[in-house]
Amino acid sequence: MARKEHIDDILRRWTYDSDALGVRMVKGADGRSVLQMRVDMGILQLETEGRPDGTQPFGERSYFDHLQRVARRDNDELLLDEEQCEEVDREFVQFYHRRICWLRLQKYRLAVRDADHTLALMDFCREHSPDEQWTMSHEQYRPFVMFHRIQAAALASLQDNEVDVAIQEINQGLERMYELFVEHDLEDEFDEDELVHRLTEMRETLRREYNVGRTLQEQLADAVAAEEYELAARLRDELAQRRKRPQPRR
């Protein structure tokens, strides 16, 4: 009888910790980098590019890319069937796992990339959903994905020593979250939302730790609200000059 392969030694050397997310980057057999996540009954291995399971559905980089091609072929009249819904759900889960891996490894730009994929897929599903119940099964997680995206974008800017940009990422993210609450007639619950509290606390912590006052964008908003148009014009010029400066390499 042929000897069956097992991963007992790997699991023994890398014990599961229920209180911490165990993630690491290792080299695959061909030298490529892969992500590994320790779970209670084994290890998940994820590719770092394309779809996390390494497949290319119908020759595309992701199932979402395949669906977009199908929708274009059908003049955007696509209505997702049961099999397509199952494959969408599979892709949501895979990108969630990789997103939290990137956050754990402090690869924040990559976390933003995967969050953007998920949010775009959510938009697509809302447009082509077979029924409202299936739509809401995903939409209920949109604030959580947005939270990860905002957090990751802010921390990526912080890694580049751009504290004011990090604060602005949080402000812009909070504005997008508020629009989502308004869309669902939940604006009265916005200020009490836990994710909103965590982002607000993160922003104010950055202000304290880095001794940062109002950002240029915040000063501009204040100037416009106060109808101080000359000051607003100067602030716009300064913001424009900042955008022209060479950006740090990602």
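How many nonpolar, polar and charged residues are in the lining of the second largest pocket? The answer is given under point 3, after the overall layout of this predicted model.

1. Overall layout. The protein chain contains 10 helices and 3 strands. In sequence order the elements run α-β-β-β-α-α-α-α-α-α-α-α-α. The chain has 250 residues, of which 40% count as buried. Taking contacts between residues at least 6 apart in sequence, 54% join residues at least 24 apart.

2. Second largest pocket, position. The volume of the second largest pocket is about 240 Å³. Two or more lining residues come from each of helix 3 (82-104), helix 4 (108-128), helix 5 (132-139) and helix 6 (142-159). Helix 3 provides the largest share, 5 residues.

3. Second largest pocket, lining. By class, the lining of the second largest pocket is made up of 7 nonpolar, 3 polar and 2 charged residues. Among the lining residues are D89, R99, T118, S137 and H138. The lining also includes F92, V93, Y96, M122, Y141, F144 and V145.

4. F124. This residue sits in helix 4. F124 counts as buried because its relative accessibility is 8%, below the 20% cut-off. Leaving aside residues up to four places away in sequence, F124 touches F64, L67, Q68, A71, L78 and L80. One of these contacts, L67, is 57 residues from F124 along the chain, and the two C-alpha atoms are separated by 8.9 Å.

5. E169. Helix 7 (residues 163-183) holds E169. What is the nearest side chain of opposite charge to E169, and how far away is it? It is R149, at 4.2 Å, and E169 is buried yet has no salt bridge. The distance to R149 lies outside the limit, because a salt bridge needs a side-chain nitrogen of Lys or Arg within 4 Å of a carboxyl oxygen. R149 is nevertheless among the residues that E169 touches, along with I150, A153, A154 and S157, not counting residues up to four places away in sequence.

6. Salt bridges between sequence neighbours. The structure holds 20 salt bridges. Side chains of opposite charge can pair when their charged atoms come close. R203 and E204 form one such bridge, with 2.7 Å from N to O. In this pair R203 is buried, at a relative accessible area of 17%, while E204 is partly exposed at 27% relative accessibility. R73 and D74 form another, their closest N and O atoms being 3.1 Å apart. Here R73 is exposed, with a relative accessible area of 59%, and D74 counts as partly exposed at 27%.

7. A salt bridge between helices. E139 is bridged to R126, and the closest N and O atoms are 3.6 Å apart. E139 lies in helix 5 and R126 in helix 4, so the pair ties together parts that are 13 residues apart in sequence. E139 is buried, with a relative accessible area of 7%, whereas R126 counts as partly exposed at 35% relative accessibility.

8. Salt-bridge network. Which residues are linked with E139 and R126 in a network of salt bridges? They are D123, R142 and E183.

Terms used: Residues are numbered from 1 along each chain as its sequence is written. This is a predicted model: local features need pLDDT of at least 70, side-chain atom pairs count only at pLDDT 80 or more; totals for chains, interfaces and linings use all residues. Side-chain values use heavy atoms; hydrogens and water are left out. Helices (H or I, at least four residues) and strands (E, at least two) are DSSP runs, numbered from the N terminus. Buried means under 20% relative accessible area, exposed over 50%, partly exposed in between (1.4 Å probe, protein chains only). Lys and Arg count as positive and Asp and Glu as negative; His and the chain ends are not counted. Contact means heavy atoms within 4.5 Å. On a 1 Å grid over the protein atoms alone, a cavity is a set of points where a 1.4 Å probe fits but cannot get out, and a pocket is an open set with protein on both sides within 12 Å along at least five of seven lines; lining residues have an atom within 4 Å of a point. Grid points are joined across faces, edges and corners, and a volume is the space filled by probe spheres set on the points. Ala, Val, Leu, Ile, Met, Phe, Trp, Tyr, Cys and Pro count as nonpolar, Asp, Glu, Lys and Arg as charged, and the others, Gly among them, as polar.
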